[in-house]
Structure formats: C-alpha cells, structure tokens
Amino acid sequence: MNLPLPVFLPSIATDPIHQFKIFPLIDWSAGGYNLAFTNSSFWMLVSTVLVLGFLGMAASRGSLIPNRIQSLGEMSYTFISDMVRSTAGEEGLKFFPFVFTLFFFILGANIVGMFPYAFTTTSHIAVTGALAVVVILIVVGYGIYKNGLGFFGLFAPHGVPLPVMFFLVPIEIISFLARPITLGMRLFANMLAGHIMLKLLAIFVVMLAGAGLTAVAWVPYVLLIPITALEFLVAFLQAYVFALLTCVYLKDAIHPHH
Amino acid sequence: MSLLAFLAETAAHSGEAVTAPFPAFDPTWFASQLFWLAIFFVGMYFALSRSILPKLEGTLKQRASSIAADLDEAARLNNQSVEAQKALEIRLAQARARARETSDSAKAAAETELAQVTGRVDAEMALKLERAETRISKLREDAMKNVEQISVDAAEAMIARLGVKVSKADVKKAVSSVLETR
C-alpha cells in the first residue's frame, strides 16, 4: 500500500503530466502479469460504485409517480434506448444493455475525473482502446453470426461499377479498420488534452502569482472557469459520441448492405 | 521564488520525466488496467442488465400500461355519460310529448264542456226570452185593448158632454183609426 494522496501534492502542483501517472495501491501479480490495484483501478471502482449507486437508487423506487432521482434514471433509460432504436433499429435493442453500460461507464469515469485529485481512467489509451476493441469485436462477431459472409458486403456497396470497386473496397476496408483506432483515440485524446489544458492554466496561475505578477495571474484564473464548464460538457459529449458510434457500427453489423 | 528559478526547476523536473515513458503509453500498467477494466465493466454490465435496467423497464412499462388503462377507462366512462345523456334526452322528449298530449286533451275536454254549458245556457236563455217576449206582447195586446176601450169610453163621454149624438160603432171606428196611425 502506498502513501495517501496528499504526499504527491508537490509534484502534482507543477507537472501537467503527473495527473496521468499510475501507481500501485495494492501490489498483486498473477500468471506473470502485473495486476496491481492501482490508483486507476481505485477511481474506476469509485465511478462504478457511483454509477451503480445512482442507477440502483433510481431503479429501486419503481413508483408510478417518480421522484427526482427516479426520473433521472428513467430519462437515462429512455435517452439511451431511443438512441439505440433510432440509430441501430429495433434489432439493435438487443445490445441496449451493452450500450447503456458503455455510456455510463465512460460518463462516470469522465465526470469523476473532473474532481481535483481524482484520476481520469478514460485518459489512458489502454482503457479507451480496450473498450473500442470490444465494440468492434462485438460488431464483427455479431455481423458474421447474423449475416455470414454477407457481412463483408459492407465493404462492397451495391450499385457501384466494377472499376470503381477496385478503389472503393480498399478504402472501405481501411475505414473499417480505422474505426477501433479512431473510436478509442477520440475519447483518450479528448480527456487527455482537456485535463492537460486545465492543469497548464492552473500552473500558469500559480507561476504568475508566485512570480509576483498577481494582476496577470487573474487572466488564466478567470479563463479556467469557462474551460472547466467546457470540460464537463466534453465529459458528457465524449461518452455520448462513443455510445452513438457504437450504435452506428452495430447498425452495420445488423444491416451490412447500406 | 523568482519566475526564472521556478522555470528552471520545472524544466529540470520535465527533463527527468523524459526518461520515463508518457504515462498513457507506459506498458507497465497495461495488464493491470485491462484486468480491472474487465472486472468493473463486466460487473457494471451484469448489475445493469440483470437488475437495474429490467427494473427501470418494468416501471416504465407499468406506467405506460396504467396510463393506457386509465385512458381506456376514461373513454369508457365518457361513452357511458354520452349514452346517459342521449337516454335522458329521449326520455325528456317523451315526457314533453306526453305532457303536451295531456294538456291538449284537457284543453279539448274543457272546450267541449264549455261549449255544452254555453249551448245549454243559451238555449235556456232563448227559451226564457221567448216566453218573456210572448208574455210582454200579450200584456201589451191586453193593454192596447184596454187603451182602445178606455179611449172609446172617454171619447163617447166627451162627445156626450158636447151634446152630439154619435153611434158607438162610429166612435170605436174613429178611435181605432187614430190608434192605428200612431
């Protein structure tokens, strides 16, 4: 077990990258792999508990006339199920629990990461990339299970003349292969960049004030306020984009011939 | 601390960090991240798909069905009230017709009775009038006869006073002719 968080404060205060560092809280390895329970794992646990706590409270009431938290839970339910239905169709509702979990897992991690001293688990490519790969594996797996080899018709749109096919098919294949990369990278880069920006501005405030330029230090300080609000928006938006793109890709798996 | 010293320290710090990989690309923790991600994601998936989402769905469906049932019930009650209204109108119209009938027949009965009574009274009156008239005319005739007699007697007496000799028949004739001219 490492020392509690405040010990890391001095270096946290001056290094914009430090917030992304992973350190073990409980060392553990199995099968030759380092599976330590790290600060990343801890904050993932926190966001999971918060999400399940919120949704569990919302679901447990089950009253015909909802109170605020129940109303919020039901809004979340209809929001995601409407998104899945409108994007991937009725058949896509099979994946509704998966998309719902994805959305709330990412949203929980992003929002928890907005709190000072918390760790943003979604600012690591290992996490976002793994989620993206899982999505693509489900898309490919279900597409082949459902349509057989017809799934690969995704790469050859109908009504395209043969000579164009020679160009189009490779482009379609490349764009398909790019999906997991862009899907994982988009979330990772957004969270990383946002948190670095917040940190840099905060460091500017400290540096300028420390150098005696208090008047100038107000500029990044005031700027921090709207950017923090923007980052909350980004936290929601990136979770939404991830879930929405998952639905779009699932639609391709269900109906490969567009 | 001066700005320069601060920047120098920061530079020294970041120079030191260059030797370590950027945290997001540090493979040391990949296995741990993936392992705990799998644990929490799968845990969340099962908690949501087995318990929380079915509960939310159940509540939403129950609400939708209870709203639909309430709307059906409202429509049924509305139909009922419309029918009751119709029945009421029919009965009202019937009652009105019956009332009119009753009043019409009562009016007719009253009128016939009135006509009968009027007729009877008229007949009685006519009879009485006739009788009265005959009596009056008889009285008058008698009176006139008496008048003639009295006149004849008076004329005879007057003429006798005058000392003229006239037959009784001539006097009577002269009186009756004067009476007739009046």
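Read along the sequence, chain B follows the pattern α-α-α, with three helices and zero strands. Helices (H or I, at least four residues) and strands (E, at least two) are DSSP runs, numbered from the N terminus. This is a predicted model, in which local features need pLDDT of at least 70, side-chain atom pairs count only at pLDDT 80 or more, and totals for chains, interfaces and linings use all residues. Residues are numbered from 1 along each chain as its sequence is written, while chains are lettered from A and ligands numbered from 1 in the order in which they are written.

**Stop 1: the two chains**

Colour by chain and start with chain B. Buried residues make up 9% of its 182 residues. A residue is buried if 20 or more other C-beta atoms lie within 10 Å of its own, exposed if 12 or fewer, and partly exposed in between, with C-beta atoms placed from the backbone.

Now select chain A. Of its 258 residues, 33% count as buried. Chain A has seven helices and four strands, in the order α-β-β-β-β-α-α-α-α-α-α from the N terminus. The C-alpha trace of chain A spans about 70 × 55 × 45 Å along its principal axes. Residues 24 or more positions apart account for 62% of the chain A contacts that have a separation of 6 or more. Two residues are in contact if their C-beta atoms, placed from the backbone, lie within 7 Å.

**Stop 2: the side of chain B that touches chain A**

Select the residues of each chain that are in contact with the other. On chain B there are 39, and they touch 41 residues of chain A. The elements of chain B that give two or more residues to this side are α1 (3-19) and α2. The largest share, 26 residues, comes from α2(B). By class, this side of chain B divides into 25 nonpolar, twelve polar and two charged residues. Ala, Val, Leu, Ile, Met, Phe, Trp, Tyr, Cys and Pro count as nonpolar, Asp, Glu, Lys and Arg as charged, and the others, Gly among them, as polar.

**Stop 3: α4(A) against α2(B)**

Select residues 96-113 of chain A, which form helix α4, and residues 30-162 of chain B, which form helix α2. Their axes come within 9 Å and cross at roughly 125 degrees. Axes are lines fitted to C-alpha atoms, for helices over the stretch in contact, and angles run from 0 to 180 degrees between N-to-C directions. The crossing angle makes α4(A) oblique to α2(B). Angles under 35 degrees count as roughly parallel, over 145 as roughly antiparallel, 65 to 115 as roughly perpendicular and the rest as oblique.

Show side chains here. From α4(A), P97(A), F98(A), F100(A), T101(A) and F105(A) meet F41(B), M44(B), Y45(B), L48(B), S49(B) and L53(B) of α2(B). This contact has nine nonpolar, two polar and no charged residues.

**Stop 4: α3(A) against α2(B)**

Keep α2(B) and add helix α3 of chain A, residues 68-88. The axes of α3(A) and α2(B) come within 10 Å and cross at roughly 95 degrees. The two helices are therefore roughly perpendicular to each other. The contact joins G73(A), E74(A) and Y77(A) of α3(A) to L53(B), L56(B), T59(B) and L60(B) of α2(B). By class, the contact has four nonpolar, two polar and one charged residues.

**Stop 5: α2(A)**

Select residues 39-61 of chain A, helix α2. The helix has 23 residues and reaches 33 Å from its first C-alpha to its last, close to the 33 Å expected at 1.5 Å a residue. The expected span is 1.5 Å times one less than the number of residues. Buried residues of α2(A) include W43(A), M44(A), S47(A), V51(A), L52(A) and L55(A). The buried residues of α2(A) pack against β1 (24-26), β4 (37-38), α3 and α4 of chain A together with α2 of chain B. Just after α2(A), G62(A) takes a positive phi of about 60 degrees.

**Stop 6: Y117(A)**

Go to the loop between α4 and α5 (125-147) of chain A, where Y117(A) lies. Most residues other than glycine have a negative phi. Phi of Y117(A) is positive, near 75 degrees. Y117(A) counts as exposed, with 12 C-beta neighbours inside 10 Å.

**Stop 7: two residues of α7(A)**

Finish on helix α7 of chain A, residues 214-254, which holds T228(A). T228(A) is partly exposed, with 14 other C-beta atoms within 10 Å. Its C-alpha atom is separated by 19 Å from that of S47(A), 181 residues apart along the chain. L233(A) also lies in α7(A) and counts as exposed, with 10 C-beta neighbours inside 10 Å. The C-alpha atoms of L233(A) and I111(A), 122 residues apart along the chain, are separated by 9.6 Å.
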